[in-house]
Amino acid sequence: MQWTEDLSVGVETIDGQHRELFDKINDLVAAVRQSACRYKIGDVIRFLEDYVVFHFGEEEKYMMRYAYPAYQSHKAQHEEFIENFNELKKELPKLEGGKKPGSYDLSVETNKVVVDWILDHIAKVDKSLGKFLQDKV
Ligand SMILES: [Fe+2]
Ligand SMILES: [Fe+2]
């Protein structure tokens with residue numbers, strides 16, 4: 001997946017973090033597609049997870065600092081992602097390298113939980129936040 005200008009929320013720091021997030025998501029998608037060994041999968045999961053937590057935290061700081069009205073519902077979406085990602089995290093290391101039955105399903109699941117979610121979240125929820133922050137940051 002590729003970050004494009006139409007995904008810009010208009011706040012430079014947030015856009016930069018989204019680009020970084022895309023790189024890490026692409027690493028995960030590639031590792032799952034290749035059914036990389038559990039160590040490699042474990043590494044990319046940790047990188048992505050750390051970065052997601054950092055990024056959500058940054059957005060939430062902005063929301064609190066400027067008393068964003070939709071803070072609760074935006075934060076709830078972040079929490080929902082973490083929950084779904086934690087479920088996925090239990091499944092992915094089972095790939096253990098090589099093509100295994102179920103690896104296709106895990107690819108599809110990863111795309112749904114991570115890729116589809118982030119695209120939808122940026123396009124709607126993060127863009128609304130970006131618009132609100134526009135004249136403030
Ligand atoms: Fe967000
Ligand atoms: Fe975001």
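**A four-helix chain with an iron site**

Y62 has its place in helix α2. This residue makes a friendly starting point for a walk through the model, which is a predicted one. With a relative accessible area of 13%, Y62 is buried, because a residue counts as buried under 20%. Leaving out residues up to four places away in sequence, Y62 touches V11, T13, I14, L133 and V137. Y62 and E87, in turn, are 25 residues apart in sequence, and their C-alpha atoms are 28 Å apart in space.

From this one residue, the view can widen to the whole chain. The protein chain has four helices and zero strands, and along the sequence the pattern reads α-α-α-α. The C-alpha atoms fill a box of roughly 50 × 25 × 20 Å, taken along the principal axes. For 137 residues, a compact globule would have a radius of gyration near 14 Å, and the 16 Å of the protein chain agrees with this. Of the 137 residues, 42% are buried. Among contacts between residues at least 6 apart in sequence, 76% join residues at least 24 apart.

How far can the prediction be trusted? The mean pLDDT of the protein chain is 91, and 95% of its residues reach 70 or more. Among the elements, helix α4 (residues 103-133) has the lowest mean pLDDT, 93, while α3 has the highest, 95. Where pLDDT is low, predicted coordinates should not be read in detail.

The next stop is the metal site. Which residues coordinate the iron ion (ligand 1)? The donors are E59 (OE), H74 (NE2), H78 (NE2), H121 (NE2) and D126 (OD), at 2.0 to 2.2 Å. Along the sequence, these donor residues are spaced E-x14-H-x3-H-x42-H-x4-D. Two of the donors, H121 and D126, are both buried. The iron ion (ligand 1) has a neighbour: the iron ion (ligand 2) is 3.6 Å away, and E59 coordinates both ions.

Aromatic rings offer another way to read the structure, which holds six aromatic pairs. In one of them, the rings of Y51 and F54 have their centres 5.4 Å apart and their planes at 55 degrees, so this pair is tilted. Y51 and F54 are separated by about one helical turn, because they are three residues apart in helix α2 (residues 38-65). Is each partner buried or exposed? Y51 is buried, with a relative accessible area of 16%, whereas F54 is partly exposed, with 41%.

A second pair is arranged in another way. The ring centres of F56 and F81 lie 5.9 Å apart with the planes at 85 degrees, so the pair is edge-to-face. F56 lies in helix α2 and F81 in helix α3 (residues 71-91), so the pair ties together parts that are 25 residues apart in sequence. Both F56 and F81 are buried. These two residues also belong to one aromatic cluster, formed by F56, F81, F85 and W117.

Rings can also have a charge over them. The charged end of R19 sits over the ring of W3, 4.6 Å from its centre. In a second case, K136 lies over the face of F132, at 3.9 Å from the ring centre.

Two further residues complete the tour, one buried and one exposed. T110 has its place in helix α4. Its relative accessible area is 1%, so T110 is buried. Not counting neighbours within four places in sequence, T110 is in contact with L28, V32, L88, L92 and V115. A67, by contrast, is found in the loop between α2 and α3. With a relative accessibility of 60%, A67 counts as exposed, because the cut-off for that label is over 50%. What is unusual about the backbone here? Most residues other than glycine have a negative phi. A67 has a positive phi of about 45 degrees although it is not a glycine.

Definitions and conventions
Residues are numbered from 1 along each chain as its sequence is written. Chains are lettered from A and ligands numbered from 1 in the order in which they are written. This is a predicted model: local features need pLDDT of at least 70, side-chain atom pairs count only at pLDDT 80 or more; totals for chains, interfaces and linings use all residues. Side-chain values use heavy atoms; hydrogens and water are left out. Donors are N, O and S atoms within 2.8 Å of the metal (3.2 Å for Na, K and Ca); water is not among the atoms, so sites may look incomplete. Buried means under 20% relative accessible area, exposed over 50%, partly exposed in between (1.4 Å probe, protein chains only). Rings of Phe, Tyr and Trp (its six-membered ring) pair if their centres lie within 6.5 Å; planes under 30 degrees apart count as stacked, over 60 as edge-to-face and the rest as tilted. Helices (H or I, at least four residues) and strands (E, at least two) are DSSP runs, numbered from the N terminus. A charge sits over a ring if NZ of Lys or CZ of Arg is within 6 Å of the ring centre and within 35 degrees of the ring normal. pLDDT is the predictor's confidence in each residue, from 0 to 100. The radius of gyration is taken over C-alpha atoms; the globule rule is 2.2 Å times the number of residues to the power 0.38. Contact means heavy atoms within 4.5 Å.
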